[in-house]
Amino acid sequence: MNKLKIIITILLAGLIITGWGTRINSITKENGKYSSYLENAEYYVENRLYQKAIAEYKNALNIKDSIDVRNKYLDTYSAAYDDGVVTRNSYMSALEESCEIYPKHVSYWEWILEICVNSKQYENGYTYYKKATNQGVKSEKLIDLGDKINYSYTLKNKIYTKKIRNSNGVYSLYSNNKWGVMNVSGNWKFECEYVFASPVSKDSEVIIRTDKDTRVLNGSNIVQNYISEDITQCKAPSEDIVPIYKNGWKFYDCKTKEYILSTYDDVSVFMNNNAAVKKSGKWTIIDKNGNETSEIQYDDIKLFDSGEYLYNDYFLASVDGNYGLYDKSGKKKTDIQGTDVDLYLGEEIAFKGENGKWGFVNSKNKVVIEPQYDEAKSFSGGLAAVKMNGKWGFINKDGRTVIDYQFVDADYFTSEGLCFVSFVKDEYCQINLKFKN
C-alpha cells in the first residue's frame, strides 16, 4: 500500500513538473512573440509603415494589454490618421475600445473628444463626453473640449436688419422690407411677409399689418381688434393697450380706438394693469387712469426691447443713482450694486463696477463673477454675452468662455438655445445650440 502511494505521488509530481514545464515553455514563447511584435512595430513606425505597425501593436496587446503599449498603439493610429492611411472610423474604433478597457484613463477620452471636435462630430462627442463624466474622469482639457461640444451651434445664413426681443425670447424680425415673428425655438409664428409686425407681448399678443389692414392678434392668432392708426413705431400690445410713438409716447386703447392718458418721454407696456412712464427725467408707475401706484420716483427703469418692464413680477430701477430689484408693487427686494446694470431675466445680472468693467451678481446682490469685461449682458438660458477687445463671445456660469469672441454684437439666448448675433454691424443672423445644457 505504501509503495502504491509512493508511485502515485511520483506520478503526480511528474505531471505537475511536466505541466509547469509546458506552461513555462508557453510563456517563454509568448514573451518571445510579444517582444518580437513590439520590435517589429517600432521598426515599422520608424519607416512610416503605420498600418503594419498598428497590426503588430494589436498582436502584442492581444498577448498582454498595458497602458504603455496601448499609448504607442494609439500614437501610431494618430500618425496614420494624419498621414491619411487609416480612416477616421477606424481610428475612432481604436479609441472607443481603449476607453472601454481603461475607462478611468482621461487621456483616451481627451483623444476621442479632440477627434470629434476637429471633425465637427458634435453629436458623437456629446455622447462620449457624457460617458466620460459618468466615469468621473476630469481634466482641464476634457472640460475645454466638453464646452466646445456642449455649446456647439448651427448658424442660419439668413440676415435680418432689425430684431426686437420680448422677455420670453420671442422675436419680431425684419428682412427684405418684410416683418415676421419667430418663437423661442427658432420656428416661425409668422414668416417674414408682412408690412409690419410689432414687438410681441409676454402673452404673445402682436400687431400685424397686411396690405389690407392692421390687426391685433392674441396668442392663439385670433383677431381681437383692428387699428386704423398708421403705426411706424410702437411697443407690444398688452391688456388691449398699445404704446405708440406720435411726437412722444402715447397709449392707444384698442377697444375704444382712442388715445388715453398723457404724452410721455418714454413708457413701458401695461402689465398687471400698471405701466412705467417717464416724464421730465423721472420714471413712475401708473394705473390705467393715470394714477401713480408707487410712491417712488425712479431715475431709471430697465425696459425690454418690447417695452416690458417686469420679469417674473420684478424689475430693475435706480433711485438716487443706486440700482435695486423691485417687485411689481414698487417695493425694493434688494440692492443691486453697480454704476449701471443690464436687464433682469431671472438669472445673474450684469453690472458695471467701479473699475469701469462689467461683472455679474445674483438676485441677492452677491458678486458671482468679478467685473472684468468691457461690456456684458445678463445671463439668459444659462449663458451671457460678454465683450473683450472689441468682440463679443459667451461665457457660462462658471465664467468659462464657451463660445469664442468673434461677434460685433450678440443678444440673449432663449430657453430653447436660440440667439441672434452679428458678424457685420446691423446685420443679425440666427444661431441655435445643438444641445440644451
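# A tour of helix packing, a pocket and a cavity

Begin by selecting helix H3 (residues 67–83) and helix H5 (residues 106–118) in this predicted model. The axes of H3 and H5 come within 12 Å and cross at roughly 15 degrees. Angles under 35 degrees count as roughly parallel, and H3 and H5 are therefore roughly parallel to each other. Their crossing is left-handed.

Display the side chains at this contact next. On the H3 side, select Ile67, Arg70, Asn71, Leu74, Asp75 and Tyr81; on the H5 side, select Tyr108, Trp111 and Ile115, which they meet. Coloured by class, the contact of H3 with H5 shows six nonpolar, one polar and two charged residues.

## From H5 to H4

Keep H5 on display and add helix H4 (residues 88–101). H4 and H5 pack at an angle of about 155 degrees, and their axes are 9 Å apart. Angles over 145 degrees count as roughly antiparallel, which makes H4 roughly antiparallel to H5. The crossing of H4 and H5 is left-handed.

For the contact itself, select Arg88, Tyr91, Met92, Leu95, Glu96, Ser98 and Cys99 in H4, together with Tyr108, Trp109, Trp111, Ile112, Ile115 and Cys116 in H5. By class, these residues divide into ten nonpolar, one polar and two charged. Tyr108, Trp111 and Ile115 of H5 also meet residues of H3, as the first stop showed.

## From H5 to H7

Hide H4 and bring in helix H7 (140–150). H5 and H7 pack at an angle of about 30 degrees, with 10 Å between their axes. The two helices, H5 and H7, are therefore roughly parallel to each other. H5 passes H7 in a left-handed crossing.

Which residues of H5 and H7 meet? From H5, select Val106, Trp109, Glu110, Leu113, Glu114 and Val117; from H7, select Lys141, Leu142, Leu145, Lys148 and Ile149. The contact of H5 with H7 comprises seven nonpolar, no polar and four charged residues. Trp109 deserves a label here: this H5 residue takes part in the contact with H7 and also in the contact with H4.

## The largest pocket

Stay with Lys148 of H7, which meets H5, and turn to the largest pocket. About 320 Å³ of space lies in this pocket. Its lining has 15 residues, of which Tyr122, Lys148, Ser152, Val402 and Asp404 are the closest to its centre. Two elements, H7 and strand S27 (401–407), give two or more residues each to the lining.

Which element gives the largest share of the lining of the largest pocket? Select S27: five residues of the lining come from this strand. Across the whole lining, the classes are six nonpolar, three polar and six charged residues.

## The largest cavity

The final stop is enclosed space. How many cavities of 30 Å³ or more does the structure hold? The structure holds one, and about 40 Å³ of space lies in the largest cavity.

To frame the largest cavity, select Lys302, Phe304, Tyr309, Tyr311, Tyr314, Phe315, Leu316, Leu343 and Tyr344, which line it. By class, this lining has eight nonpolar, no polar and one charged residues. For a closing view, show the linings of the two spaces in turn: the pocket lining has six charged residues, whereas the cavity lining has one.

Key. Residues numbered from 1 in each chain as written. Predicted model: local features only at pLDDT ≥ 70, side-chain atom pairs only at ≥ 80, totals over all residues. Heavy atoms only, no water. Axes fitted to C-alpha atoms, helices over the stretch in contact; angles between N-to-C directions. Helix = DSSP H or I, 4+ residues; strand = E, 2+ residues; numbered from the N terminus. Parallel < 35°, antiparallel > 145°, perpendicular 65-115°, else oblique. Left-handed = near helix turned anticlockwise from the far one by under 90°. Contact = heavy atoms within 4.5 Å. Nonpolar A, V, L, I, M, F, W, Y, C, P; charged D, E, K, R; others polar. 1 Å grid on protein atoms, 1.4 Å probe; cavity = no way out; pocket = protein on both sides within 12 Å on 5 of 7 lines; lining within 4 Å. Points joined across faces, edges and corners; volume = space filled by probe spheres on them.
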